[in-house]
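Q: Please take a close look at one helix of this model and at what surrounds it. Then go on to the sheet and to a few single positions.

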Amino acid sequence: MNKARIAIIGAGLSGLYAAYLLEKQGIDYVLLESRDRIGGRIHSVAADGQSVMDMKTSSDCFDLGPSWFWPGYQPQLGQLVEELGLECFAQFEDGDMVIERSPNTAPIRMQGYVSSPTSMRLVGGMAALTEALYQRLDSDRVLTGHKVCQLRKTEMAIELEVELIATDDDQSHHRIKTWQVSQVLLALPPRLAEQNIEFTPALPDDLAEQWASTATWMAPHAKYFAIYDTPFWRELGLSGSANSTVVPLTEIHDASVVNGYAALFGFFGVAPEVRQSVSADELKFHCREQLVRLFGTQAKTPVADFFKDWSQDEFTATSIDVQSGGQHPHPPASKATTGVWQYNLIGIGSEWSRQFPGYVAGAVEAASLGVQDLLR
């Protein structure tokens, strides 16, 4: 049986930051992640849509998950970005925006607006943040392809039943490992924890109900990217921002990187069940046609285009999330106040944040408070 003092379940930002805090204090831990990569809902890709495993190799990275943060409004996250030596830049918003109100009328230009506080992006994408944290950890403690299926509370410890997920078609690679720990940090969305992990004995009914009813941020959403050699819309006096009541995309922004590829990205306004009934090629075709309507014929031939549908990501979305409206969640209780799970199990995923539930800054806040609470 494998042993550690603390198990962190989930290697998204909250899990990685919790591990970073424990590592700095010399505290024994293991970080278990179901996916074959770190980052969770933070996922940056190269211009061809392929995952970038080493952020040192390229700054041409595009965020399939969260893109922005606001250091003046979210000081703890801003301080972490500084501490890790990461570079950031302001979201491009200069120029007019485009409004599309009806399929029967041409889009119109109007004066754009500037976000206040300024929306900031990281050079190398948001994954530069998770990669920088990972580089400061003992990699032997970070285990991807390890899906926690059960937590059993015994008199002396917590036993984790962990399924090793195959990375190829050879199903013989699936097998079960057991870890024995004293405490557990749940660095994944509350609903996923409640639905996908068997707790023995069961969680208190009120806590399980709270976790099950907490929406997972981003779970119903999808993003489309079109990559170009140059930001031609800027030459037209446009910011790259657009709002549309005509599908498929409802909100569009400039996603260009510093000294690299230009890009536009948009959030889908099509329901998940409708998206899943249409092929990827057809979805991308309709997105390109919409960009042509909004920004002109140069938008028709991107260097590359791709999208990410989070509603089809088994490690993000449940069937209930797919049916939700995608609002930021109200944070549930992060731990039991009675019973055997009271002092050894704490939720630290972004949805448990009091100030910024669902946001990148929420993952940092929830992880920081959870580690403090657990060690106390």
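A: The account below starts with helix α2, then turns to the strands and ends with a loop residue.

The model is predicted, and local features need pLDDT of at least 70, side-chain atom pairs count only at pLDDT 80 or more, and totals for chains, interfaces and linings use all residues. Residues are numbered from 1 along each chain as its sequence is written, and side-chain values use heavy atoms, with hydrogens and water left out.

Helices (H or I, at least four residues) and strands (E, at least two) are DSSP runs, numbered from the N terminus. Helix α2 covers residues 75–83. Its residues L77, G78, L80 and V81 are buried, where buried means under 20% relative accessible area, exposed over 50%, and partly exposed in between (1.4 Å probe, protein chains only). Viewed down the axis of α2, the buried residues fall within an arc of 160°, so they line one face of the helix; the arc is that of the directions from the helix axis to the C-beta atoms. An α-helix has 3.6 residues a turn, so residues three or four places apart point the same way. On the face of α2 turned away from the buried side are the exposed residues Q79 and E82.

The cover over the buried residues of α2 includes α1, β9 (120–122), α3 (127–135) and α10 (360–375). Contact here means heavy atoms within 4.5 Å. The axes of α1 (residues 13–24) and α2 come within 14 Å and cross at roughly 65°. Axes are lines fitted to C-alpha atoms, for helices over the stretch in contact, and angles run from 0 to 180 degrees between N-to-C directions. The crossing of α1 past α2 is left-handed, that is, the near helix is turned anticlockwise from the far one by less than a right angle. From α1 the contact is made by Y17, Y20 and K24, and from α2 by Q76, L80 and E83. L80 is thus named both in this contact and among the buried residues of α2. Just after α2, G85 has a positive phi of about 70°.

The sheet comes next. Seven strands form an open sheet with mixed pairing, in the order β8-β7-β17-β18-β19-β16-β20; two strands pair if DSSP finds at least two bridges between them. β8 (108–110) and β20 (304–309) are the edge strands, each pairing on one side only. From one strand to the next the twist averages 20°. Helix α8 (residues 280–295) lies across β7, β16 (222–228), β17 (238–244), β18 (249–254), β19 (262–268) and β20, running at about 115° to β17.

Strands β7 (residues 96–100) and β8 run antiparallel and are joined by three bridges. I99 lies in β7, and its bridge partner in β8 is I108. I99 counts as buried because its relative accessibility is 11%. Not counting residues up to four places away in sequence, I99 touches P107, I108, M110 and N243. The C-alpha atoms of I99 and S241 are separated by 8.9 Å, although the two residues are 142 apart along the chain.

Strand β3 (residues 29–32) is covered on both faces, with Y29 and L31 buried on one side and V30 and L32 buried on the other. β2 (residues 6–9) pairs with β3 in the parallel sense over four bridges, and I6 has Y29 as its bridge partner in β3.

Finally, S334 lies in the loop between α9 (319–322) and β21 (345–347). S334 is buried, with a relative accessible area of 19%. Leaving aside neighbours within four places in sequence, S334 is in contact with W211, L345, I346, G347, W352 and R354.
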